[in-house]
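Visitor: Hi, I'm new to this one. Could you walk me through it?
Guide: Sure, let's put it up and start with a pair of helices.

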Amino acid sequence: VLLLHDKNWRHSLPIAAMVAVLWAAPVASQETQLNAGQVQQIAIAALRGGDPVIAAQAADALIERDATNAGALLLRTEAALMARDYINAVTFGRRAYWNASTSNQRFSASRLVAWAHAQQDNDTWSQVWLRLARQDAPN
């Protein structure tokens, strides 16, 4: 009911449907198992739909499976930023940077950490992370 009053209800509806299906599974005495790709898609859809809580839960599940998964750490960083949880955004973003296997992942992580620091008025740290981003910036 609340989703219909949200201006982004069209984006929230598919996420709500996925959550409802997952929550209904135990009630029906069926076990539903999702693979990492499906959980990642839920996190991405939640971010696109503006739901940082669902995105964080999905990213946390991926991180629980593999604490060095830079993609999951980036998703968790973005969820923290969306929730204005800048301290956790820095924490997860740093972990994503140091576990990144590609320059694109390092670039994304360092930019997100710089943004989180800027939101906390930590200008010096923001500059440090922007300089790290510059090293991995695409041509």
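Guide: Look at helix 7 and helix 8: Phe107, Ser110, Arg111, Val113, Ala114, His117 and Ala118 in helix 7 touch Trp125, Ser126, Trp129, Leu130, Leu132 and Ala133 in helix 8. Contact here means heavy atoms within 4.5 Å.

Visitor: What classes of residue make up the contact of helix 7 with helix 8?
Guide: There are nine nonpolar, three polar and one charged residues. For the classes, Ala, Val, Leu, Ile, Met, Phe, Trp, Tyr, Cys and Pro count as nonpolar, Asp, Glu, Lys and Arg as charged, and the others, Gly among them, as polar.

Visitor: Hang on, what kind of model is this?
Guide: It's a predicted model, where local features need pLDDT of at least 70, side-chain atom pairs count only at pLDDT 80 or more, and totals for chains, interfaces and linings use all residues. Residues are numbered from 1 along each chain as its sequence is written, and side-chain values use heavy atoms, with hydrogens and water left out.

Visitor: Okay, back to that pair. At what angle do the axes of helix 7 and helix 8 cross?
Guide: Helix 7 (residues 103-119) and helix 8 (residues 123-135) have axes that cross at roughly 165° and come within 8 Å. Those axes are lines fitted to C-alpha atoms, for helices over the stretch in contact, with angles from 0 to 180 degrees between N-to-C directions.

Visitor: So are helix 7 and helix 8 roughly parallel or antiparallel?
Guide: Roughly antiparallel. The cut-offs are under 35 degrees for roughly parallel, over 145 for roughly antiparallel, 65 to 115 for roughly perpendicular, and oblique for the rest. Helix 7 passes helix 8 in a left-handed crossing, meaning that the near helix is turned anticlockwise from the far one by less than a right angle; clockwise would be right-handed.

Visitor: How many helices and strands does the chain have?
Guide: Eight helices and zero strands. Both are DSSP runs numbered from the N terminus, with helices being H or I of at least four residues and strands being E of at least two.

Visitor: And how much of the chain is buried?
Guide: Of its 139 residues, 37% count as buried. The cut-offs are under 20% relative accessible area for buried, over 50% for exposed, and partly exposed in between (1.4 Å probe, protein chains only). One buried residue is alanine 46, with a relative accessible area of 0%; alanine 46 belongs to helix 3 (residues 36-48).

Visitor: What does helix 3 do next to helix 5? At what angle do their axes cross?
Guide: The axes of helix 3 and helix 5 cross at roughly 25° and come within 11 Å. That makes helix 3 and helix 5 roughly parallel, and their crossing is left-handed. Gln40, Ala43, Ile44 and Leu47 of helix 3 make the contact with Leu75, Glu78, Ala79 and Met82 of helix 5. By class, that contact has six nonpolar, one polar and one charged residues.

Visitor: New topic: how many salt bridges are there?
Guide: Two. A salt bridge needs a side-chain nitrogen of Lys or Arg within 4 Å of a carboxyl oxygen of Asp or Glu. Side chains of opposite charge can pair when their charged atoms come close.

Visitor: Which residue pairs with arginine 76?
Guide: Aspartate 60, at 2.8 Å from N to O. Arginine 76 lies in helix 5 (residues 70-82) and aspartate 60 in helix 4 (residues 52-65), so the pair ties together parts that are 16 residues apart in sequence. Arginine 76 counts as buried at 12% relative accessibility, while aspartate 60 is partly exposed at 33%.

Visitor: And which residue does arginine 106 bridge to?
Guide: Aspartate 136, with the closest N and O atoms 3.3 Å apart. This pair links distant parts of the chain, as arginine 106 is in helix 7 and aspartate 136 is in the segment after helix 8, 30 residues apart. Arginine 106 is partly exposed, at 23% relative accessible area, and aspartate 136 is buried, at 12%.

Visitor: Last thing, the loops. Where does arginine 84 sit?
Guide: In the loop between helix 5 and helix 6 (86-99). Its phi is near 60°, a positive value in a residue other than glycine, and arginine 84 is exposed at 64% relative accessibility.

Visitor: What about aspartate 121: buried or exposed?
Guide: Exposed, at 63% relative accessibility. Aspartate 121 lies in the loop between helix 7 and helix 8, and its phi is positive, about 60°, although it is not a glycine.
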